[in-house]
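Let's take a look at a protein model and see how some of its parts hold on to each other. Have the sequence and the 3D view ready.

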Amino acid sequence: MPLYGALSTEFYALDKPEAPPDAFDFYEALAREAGGPVHEPMCGTGRYLLGLLERGVDASGSDASPRMLEACRAAAKLRDLTPELSQQSLEALSCARPPALVFIPSGSFGLLIDDALVKAALRRVHDVLAPGGRFLVEAEKLLPGQAELSGVWGGRWVDRADGSRLVFSWLVQYSGAPDITTSLHRYELLEGGKLVAAEFEELRVRSYRPEDFGNMLESAGFHDIQALKPYERAPADESDDAIVFSARKA
Ligand SMILES: C[S@@+](CC[C@H](N)C(=O)[O-])C[C@H]1O[C@@H](n2cnc3c(N)ncnc32)[C@H](O)[C@@H]1O
């Protein structure tokens, strides 16, 4: 799993303080319909979780990264919230109260690469859900021509409250496997225009053919599997680059 160092975590928190409104509204509506506790694994800095808690949804979160959880707690404190958080890997997830809904938004699930890990994670989510519970998970769709993204640097920066600047640059390189996008991330902290810290991480993201992901959900024990358009209740179609899968436990 990627390390999420100090600069990477801070950049994420500053760059993405809130969830995109269309995605948030979608998950909030389905969380309310779930009729029981909601759990968000891979919750990161909590941009979905904290919004849900603020709106009175009974939600908890977990993440494998202690730094991300620390950032989530810090953001919660600023909003006067005390979220129920635990440090857990998705593939070993356990929940004290069986959730009526587990959701993994924004393509985080793509960070799981190996087949065995993906299968273990889907099975774990199935097992922790309450009977009849629902799983919502976003997956990037495997698109032709991903190799062409290779070799181009991109980037942006955010300014910290103390006037220093955090610069994030990335370089995508074709991994040789069409379903895996590999990118090198570089984070640099500039004070008065001078570099005072730098950090690198390598990120790999897996994309799926929709039918393959549906089959994996079925093998993990799910039924009533639907491939939805982000962030609607309509079926996904050819124009969608990502898909929100909805699946139920019997
Ligand atoms: C890019 S962040 C996104 C967080 C959140 N879903 C959002 O949209 O803001 C991905 C998160 O997944 C977590 N993560 C990666 N692999 C994981 C795993 N195997 N189990 C649990 N968390 C994991 C990372 O620590 C990180 O906080």
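What follows is a short tour of some salt bridges and one pair of helices.

## Before we start

Keep in mind that this is a predicted model. Counting through the whole thing gives 21 salt bridges. We'll pick out a few of them.

## Arginine 79 and glutamate 54

Start with arginine 79 and glutamate 54, whose side chains form a salt bridge with an N to O distance of 2.8 Å. These partners come from distant parts of the chain, 25 residues apart. Glutamate 54 belongs to helix 3 (residues 49-54), while arginine 79 sits in the loop between helix 4 (66-78) and strand 3 (84-87).

Are they buried or exposed? Arginine 79 has a relative accessible area of 22%, so it counts as partly exposed. Glutamate 54 is partly exposed too, with a value of 42%. The cut-off for buried is under 20%, so arginine 79, at 22%, doesn't make it into that group.

## Aspartate 240 and lysine 229

Next up is the salt bridge between the side chains of aspartate 240 and lysine 229, at 3.1 Å from N to O. Both residues lie in the loop between strand 10 (223-228) and strand 11 (242-248), so the bridge ties together parts that are eleven residues apart in sequence.

This time the partners are tucked away: aspartate 240 is buried, at 9% relative accessibility, and lysine 229 is buried as well, with a relative accessible area of 15%.

## A little network

Which residues are linked with Arg160 and Asp162 in a network of salt bridges? The other member is Glu10. Within that network, the side chains of arginine 160 and aspartate 162 meet at 3.7 Å, N to O. Aspartate 162 is exposed, because its relative accessible area of 54% is over the 50% cut-off.

## Two helices that cross

Now for the helices. When two helices pack, people describe them by the angle between their axes and how far apart those axes are. Here, helix 1 (residues 6-15) and helix 4 have axes that come within 10 Å and cross at roughly 35 degrees. Their crossing is right-handed.

Which residues make the contact? On the helix 1 side you'll find Ala6, Thr9 and Tyr12, and on the helix 4 side Arg67, Met68 and Ala71. Sorted by class, this contact has four nonpolar residues, one polar and one charged. Thr9 is the polar one and Arg67 the charged one.

How values were computed:
Residues are numbered from 1 along each chain as its sequence is written. This is a predicted model: local features need pLDDT of at least 70, side-chain atom pairs count only at pLDDT 80 or more; totals for chains, interfaces and linings use all residues. Side-chain values use heavy atoms; hydrogens and water are left out. A salt bridge is a side-chain nitrogen of Lys or Arg within 4 Å of a carboxyl oxygen of Asp or Glu. Helices (H or I, at least four residues) and strands (E, at least two) are DSSP runs, numbered from the N terminus. Buried means under 20% relative accessible area, exposed over 50%, partly exposed in between (1.4 Å probe, protein chains only). Axes are lines fitted to C-alpha atoms, for helices over the stretch in contact, and angles run from 0 to 180 degrees between N-to-C directions. A crossing is left-handed if the near helix is turned anticlockwise from the far one by less than a right angle, and right-handed if clockwise. Contact means heavy atoms within 4.5 Å.
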